[in-house]
Amino acid sequence: MIPAAFDYIRAHSPDEAFSHLQQHGGDARVLAGGQSLIPAMRFRLARPAVLVDINGLADLGRLELGRTALAIGAIARDSAIERAPWIGETRWSLLHDVSRVVADPVVRQMGTVVGSLCHNDPSGDWTAVALAARAAVVVRGRQGTRTVPIDDFLVDSFTTAVGEGEMALAVHFPVPGDRTAGSYQKVERKVGDFATAAAAVQVTLDGKGAIKEAGIALSAAGPCAVRVTEAEQALVGQKPTADVIRAAADAASKRSEPQADLRGSVEYKKNLAGVLVARGLRQALARLGVQA
Amino acid sequence: MSADVKAGHAIGVAMKRKEDPRFVQGKGHYVDDFSFPGMLFMALVRSPYPHATIKSIDISAAMKVPGVKAVITGKDLEAAGLGWLPTFHGLDKQMVLAIGKVLFQYQEVAAVFAESREAAADGAEQVQVDYDPLPVVADPFASKTDTVLLRPDREQKTNHIYHWEVGDRDRTDQTLAKSAKRVKQRIWFQRCHPAPLEPCGCVAFFDTMGRLQFYVTSQAPHVYRTALSLVTGIPEDRIHVISPDIGGGFGNKVPVYPGYVCAVVGALKLGHPVKWIETRTENLTSTGFARDYHMDVELGATADGKLTAVKVATTADHGAFDCAADPTKYPAGMFGICTGSYDVPVAHAEVDAYFTNKAPGGIAYRCSFRVTEASYAIERTMDVLADELGIDAVELRRKNFVKKEQFPYASALGFTYDSGDYEKTLQKALDTIGYQALLKEQQEKRARGELMGIGFSTFTEVVGAGPSKHFDILGIKMFDSAEIRIHPTGAGIVRAGTKSQGQGHETTWAQIVAEELGLDPQQIMVEEGDTDTAPYGLGTYASRSTPVAGAAIAMAARRIREKARKIAAHLLEVGEADVEWVDYRFQVKGVPAKTVTMKEVAFAAYTNMAQNEPGLEATFYYDPPNMTFPNGTYVAVVDVDRETGEVKVRRFLAVDDCGTIINPMIVEGQVHGGLTEGFAIAFMQEIQYDADGNNLNTNFTDYLVPTAQEAPHWETAQTVTPSPHHPIGAKGVGESPNVGSPAAFVNAVVDALSPLGVRHLEMPVTREKVWRAIREAEAGKGKAART
Ligand SMILES: Cc1cc2nc3c(=O)[nH]c(=O)nc-3n(C[C@H](O)[C@H](O)[C@H](O)COP(=O)(O)OP(=O)(O)OC[C@H]3O[C@@H](n4cnc5c(N)ncnc54)[C@H](O)[C@@H]3O)c2cc1C
């Protein structure tokens, strides 16, 4: 577990980090919390020639809750979300849930939300949550910064819209509407394990109690986290009933295309996708005082 | 919970662990903390193939890596007569570095020595080995056919390693044939790994006197010294083995590993100290695994549930070499304990072991040799029998218990159980857990279609190896030893042949001495693990420390007391015969006012000893007259989620009877730790190989070690039935929870699923296995309903 040799640069400003990345291109990697990158380097699965450490950039560590969006900076830790003053509000319940089950308490002290998205592990937790919550990532490129909707950001396993020499600065989560709640459901073999299957669910109800907006996404269900559009369509405009939930769950199970591995077979994981979406919906609705 | 002890009254006191301030402050001194000037680092090149001929090894690129000093291969070692290493129980030998071919994935192929860890790792990456893959045998049943001969180096041209049996085969078969009820269950105790948090490692160097200084993570440092001397030819007086603080052993640190031999050779050849610290992957893939027993268990019973016979036939997978660290005469360890806590008239057990292209091992993961396998076999099958008979699993056990008045009890498979009161232990468990209320709750839940299970395990272990007439390793009898010196001020030091790896010897040993001599345990220092200073002993594993070394300490203390009595007589100005030991001090017989303390005697032993030999010390080598037989009743209560197969262990109660309890807090800690490992084995741990012999669990992402977050809440209680033959009545407890708990967990899950007709599940009981069992049962029911 000894990494191959590499150069290490500690950046003192986002500009400096960016210029190093531009200079070294594909040979360089951003070092955020290091909770994915360093293990990969120790197994020599990743061999970057240069690490650009952004942990000194305090400005990128902020959580800024604005009127329309919550901006999570590139080195804001999972643990900062877990302890954010607003995390107990019903509308943030999806973030509340995930911040308690991503990795383990020790890893959450270092691991970052943006790093997770950039890493784009097929079984990662934040990617599914970002899909369900319709987040967007702020990327700095040669042409300046651009905001990439999460659906376009997640390209393939371990591949994102962040190009060579670029870096992500923040992720923006839209501030959910009033009658919004979410739920993150994860089956894991033990604390700190990646998901065997997981479902991120967020729903907004209208004044009449029908579902106005729905975000449904799965982790460990394909090359990267997937939005279950069919489930969202089955929900929007409907009163939340057992039948509607079942339809969404079935759509999720059908959409799930997991890999068989030591965590479980394809069949088992597809079953879980449906079960977890149904549970997530019931819990989110219960948080809004609706039994379904 | 914890308490302080003053002079005497030390046994039974929950004294805080003397070692803990050091450990909780990160001040332990582990092998990787030792560094010496000019030290080199070693890295091993390992095989990516499970079975392949080595056509060539090219070290030229590795030698060009800056900092690399040397590379050695199997050929080099063979030339030096060090190509092979005898395994501990003497039935086999193991390649140090591969010679001619590799036999398992991650086998040691070459050793690289370099100036830094990084250079060593870079060098290892550059060693080019040309392999020619051979057909792979990844299954012991395939191995049986001898289609591929794995070990042509052996005289015996077969993959079969040994056949071992005990008991009366014919009478067992006849009895089974005549029995009114008969059940048979195939049970696999999966391959698992102790995975101590600190992996294995060593630092070796030859000092200015030409003496080998060998720092190593060893549970048995004295045996290492002898083994190293025998293997390398270095005279034993010129080997100094130091086993410093150890971060967990669990049997994994009993065998001598190839890396150790390579490090010694490197130190000799290069004239520099050599450090070798395994990676996690190396630990999981190449060092001693545990279990991998395929057991066919058969029980016979009368119609009303009295056991008539027990029969177990086992196929054991030992991997590429037979590196099981069992006593010489016991290739299958203490597997004969498979009749458990039950009065069985006749029994037979046999084990056939085979080579496969998997990592070698077969060590005892937190158990006395193969006792966990045996306990699991009987405790699991008792539930199958209860199901067949349609009677309560608790009643079946109670009906068959060896009764209190039957002790010492001669078992059908040759053990003499020392003591126990199984009925009382069971009753305490039933009362503590509230069995009747749980049964009622279960009934209500079942009516609602919910899955709740209650599982029992009423196990008996056999530990404390062992009496010299039966037990040896490499010919060395399995005694243990203690040396105690009491200083002028009444403080002292005790040294033993054992080696704590977390068991708390620094506290427990001091308590025994304090109790026997009426001294302050805080001022009794304990030292183990240094072969220059400690008396020879066989080490710490198989729950043998308290039964054997603990006894030696008590006996050595009693020797000191005898000497002290002479000095006390002098101080009290009476004849020795008029001095008695009362309430932790010497007293003139019948005159309670005339006393002298051990502390006073200690001072006199150096200042005013009269005609007596000065000093106050003693050594004792203890050869146990029998094994000890700790036992217990464990109860697990689980809820099963139908949709996901998730099992929640809602309650777990362990009632242990380990005889006299020296430190209740340490006993509780040992039980908590062992239960957590038992929980891991039952639900998450397995070293899996695919059909091509690739190891699938090479790091902690896929070999799961539970933390406080997923471990259930443990409830504990005790009964105390002292061992009649142990000087203080203690039996050993460190392993009971690991031995006893897997069956309780699995029995609980199977009980939860029993309304669906499920009778057995293999460990680890993963969510998916449970989910499948439920689904298949429901599909089966659907079919049955349709037809
Ligand atoms: C024991 C353990 C358990 C874990 N369990 C889980 C789990 O259950 N679920 C889960 O989702 N994750 C889990 N993780 C991963 C963890 O959450 C990581 O922290 C996370 O995936 C990556 O965040 P990081 O800040 O550590 O990123 P790093 O490891 O620093 O980086 C990850 C990758 O993203 C790139 N990157 C990071 N930041 C940027 C940026 N601003 N711009 C461009 N590229 C960037 C890096 O170059 C690297 O390629 C676990 C990790 C460990 C060690």
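# Close-up views of a predicted two-chain model with a ligand

**View 1. A:Arg44 sits in the loop between helix H2 (37–42) and strand S3 (50–53) of chain A.** Helices (H or I, at least four residues) and strands (E, at least two) are DSSP runs, numbered from the N terminus. A:Arg44 is not a glycine, yet its phi is positive, about 60°. This is a predicted model: local features need pLDDT of at least 70, side-chain atom pairs count only at pLDDT 80 or more, and totals for chains, interfaces and linings use all residues. Residues are numbered from 1 along each chain as its sequence is written, chains are lettered from A and ligands numbered from 1 in the order in which they are written, and side-chain values use heavy atoms, with hydrogens and water left out.

**View 2. The ligand has 29 residues around it.** A residue counts as near the ligand if one of its heavy atoms lies within 4 Å of it. A:Val30, A:Gly33, A:Gly34, A:Thr112 and A:Asp125 come nearest. The shell holds 14 nonpolar, eleven polar and four charged residues. Here Ala, Val, Leu, Ile, Met, Phe, Trp, Tyr, Cys and Pro count as nonpolar, Asp, Glu, Lys and Arg as charged, and the others, Gly among them, as polar.

**View 3. Oxygen atoms of the ligand meet polar atoms of A:Thr112, A:Ser36 and A:Ser116.** A polar contact is a pair of N or O atoms within 3.5 Å; within protein, one must be able to donate a hydrogen and the other to accept it, and residues adjacent in sequence count only if both atoms are side-chain atoms. For A:Thr112, a side-chain N or O atom is 2.6 Å from a ligand oxygen. For A:Ser36, a polar backbone atom is 2.9 Å from one. For A:Ser116, a polar side-chain atom lies at 3.2 Å. Taken alone, the ligand exposes 960 Å², and the protein buries 90% of that. Accessible areas come from the Shrake-Rupley method with a 1.4 Å probe; for residues, only the protein chains shown count as cover. Strand S2 (28–31), helix H6 (113–119) and strand S10 (167–174) of chain A each give two or more residues to the shell. H6(A) gives the most, with five.

**View 4. Chain B meets chain A through 30 of its residues, which touch 22 of chain A.** Contact means heavy atoms within 4.5 Å. The two chains bury about 2,300 Å² between them, 51% of it on carbon and sulfur atoms. Buried area is the accessible area (1.4 Å probe) that two parts lose on being put together, summed over both. B:Glu643, B:Arg767 and B:Glu768 supply 21% of the area that chain B buries against chain A, more than any other three residues.

**View 5. Eight salt bridges cross the interface of chain B and chain A.** A salt bridge is a side-chain nitrogen of Lys or Arg within 4 Å of a carboxyl oxygen of Asp or Glu. One of them pairs A:Glu267 with B:Arg772, the closest N and O atoms being 2.8 Å apart.

**View 6. The peptide bond from B:Met763 to B:Pro764 is cis.** Omega is about -10°. B:Pro764 is in the loop between helix H18 (736–753) and H19 of chain B.
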